[in-house]
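Visitor: Could you take me on a close look at the second largest pocket and the parts around it?

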Amino acid sequence: MTNGLRAIAIAGVAALALGACTQGSATRQAESPDGETTVRYMNFSANDGHEKDLDAIVDAFEKANPDITVQVETVPYDDYFTKLQTAVAGGTAPDAFELNYENFVIYADNGSLAELTDVDSSAYKESLLDAFSHDGTQYGLPESFSNVVLFYNKTLFEKAGVEPPTDDWTWEDEQAAAKQLTDKGEGVWGDYQPVTFHEFYKTLAQAGGEFLNDDRTEAVFDSPEGVEAAKFLVDKVGTTMPTEADGAGTPDFDTDLFKSGKLAMWHSGIWMFSQLEDVGFEWDVVVEPGGERKASAMFTNGLAVSAASKNQEAAQKWISFLAASDKTAEVRLDTSWELPPVADETKLASYLEQPKPDNREAVFASLDAAVLPPVIERQQEMQDAVTQELSDAAAGRKTVKEALADAQAAVNELLEK
């Protein structure tokens, strides 16, 4: 996974989608001959390494559509949303642009996006396409995705004589195995799942609960389902999972623990596959266990057309090609530039056939029960507040019930401002 989606997983909407990069903006200049249309496209995900990959997709599009020229501006993530917001407010927005899911919701809410027409829904994974539908209207197309699965150390399971996980596992299955595999004397832990906002909204969905009410005006997660979800996370700490005092929560702690062979199960993102190629043990992945139901965290970026664009038809042709063309799938898979959102798994053969992990199908099976993060205008403050309260509960500074009540009050205060 590239910098961007990793940034979401770690930091949320301060890292609202694809990761922070340090290089400056880059513009692909293109002159349109008389009679041709120029589509201005702004993005962040090609920055710092994938500029030429995007150029290759543009070249293929222009060859297939000789009457349309695409002018690309690639902006570092740190500057991207400030620059886009200024352009939209000033009436100089590009015809098409990239949005992560959280910002997509905000831009769809404020009327900045054009409705997309004649979308070929069969081209996309259903849950990915649905992510960019807002109030029943398709305002965006999925561009790429990443998600979270359950990694497990096959060698540790075999050594302990414990049956390995399957895609059908429940919370109870996971915790029963984690208890058997934890050996504090040997420094071996059964499980690791960060006690954070991103894990909580997902486990809340697994418990059958809701984070916000239907119109996103009130937080409602201080509920029996919320308590169940929070306890599932918090009760692991110090029993089957390391504590703050052990180093949990510090940068790369969980990665290093799993790579050292001292962690049996690990809730993490598929962007970690490449980092585990040379570890000295066997490992694999499965769909994350569920509680009341399955729910897998999905991080996705999308493509939208400006409501103010005078070239909306050409812009939609461009983003449709960028989202789901054969050329895009080929480039993304060949260069490890995130996963394309295509429904046709034959186009994903080169990904599925890679030797590790064996169960790469779990990546796509997880999309059948994908859950997206709740979104409010003051997103980062919400995420920080929830994470802090859950951390206090995990460290024993508050009860789970106290932490949830305080977190919900903090979120509702943010919603009122």
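Guide: Here is a walk from the pocket into the core and on to two helices. This is a predicted model, in which local features need pLDDT of at least 70 and side-chain atom pairs count only at pLDDT 80 or more, while totals for chains, interfaces and linings use all residues. Residues are numbered from 1 along each chain as its sequence is written, and side-chain values use heavy atoms, with hydrogens and water left out. The protein chain averages a pLDDT (the predictor's confidence in each residue, from 0 to 100) of 92, and 92% of the residues score at least 70.

Let us start with the pocket. A pocket here is an open set of points on a 1 Å grid over the protein atoms alone, where a 1.4 Å probe fits, with protein on both sides within 12 Å along at least five of seven lines; lining residues have an atom within 4 Å of a point. The second largest one holds about 760 Å³ of space, a volume being the space filled by probe spheres set on points joined across faces, edges and corners. Its lining counts 29 residues, and Tyr101, Glu210, Leu372, Pro373 and Pro374 lie nearest the centre. By class, 16 of the lining residues are nonpolar (Ala, Val, Leu, Ile, Met, Phe, Trp, Tyr, Cys and Pro), eight are charged (Asp, Glu, Lys and Arg) and five are polar (the others, Gly among them). Helix α4 gives the most, four residues; helices and strands are DSSP runs, H or I of at least four residues and E of at least two, numbered from the N terminus.

Pro374 also leads inwards, since Phe211 is in contact (heavy atoms within 4.5 Å) with Pro374, and with Phe200, Phe221 and Met382, among others. Phe211 belongs to the largest nonpolar core, where Phe151, Phe200, Phe211, Phe221 and Trp318 touch the most other members of the 116. Such a core is a set of buried Ala, Val, Leu, Ile, Met, Phe, Trp, Tyr and Cys residues joined through side-chain atoms within 4.5 Å; buried means under 20% relative accessible area, with a 1.4 Å probe and protein chains only. Helix α11 (residues 312–324) brings the largest share, eight residues.

Helix α12 (residues 326–335) has Thr328, Ala329, Val331, Arg332 and Leu333 buried, and they pack against α2, β7, α11 and α13. Just after α12, Ser336 takes a positive phi of about 55°. Finally, Gln379 lies in helix α15 (residues 379–394) and is buried, at 3% relative accessible area.

Conventions:
Buried < 20%, exposed > 50% of the residue type's maximum accessible area, 1.4 Å probe, protein only. Lists of a residue's contacts leave out its neighbours within four places in sequence.
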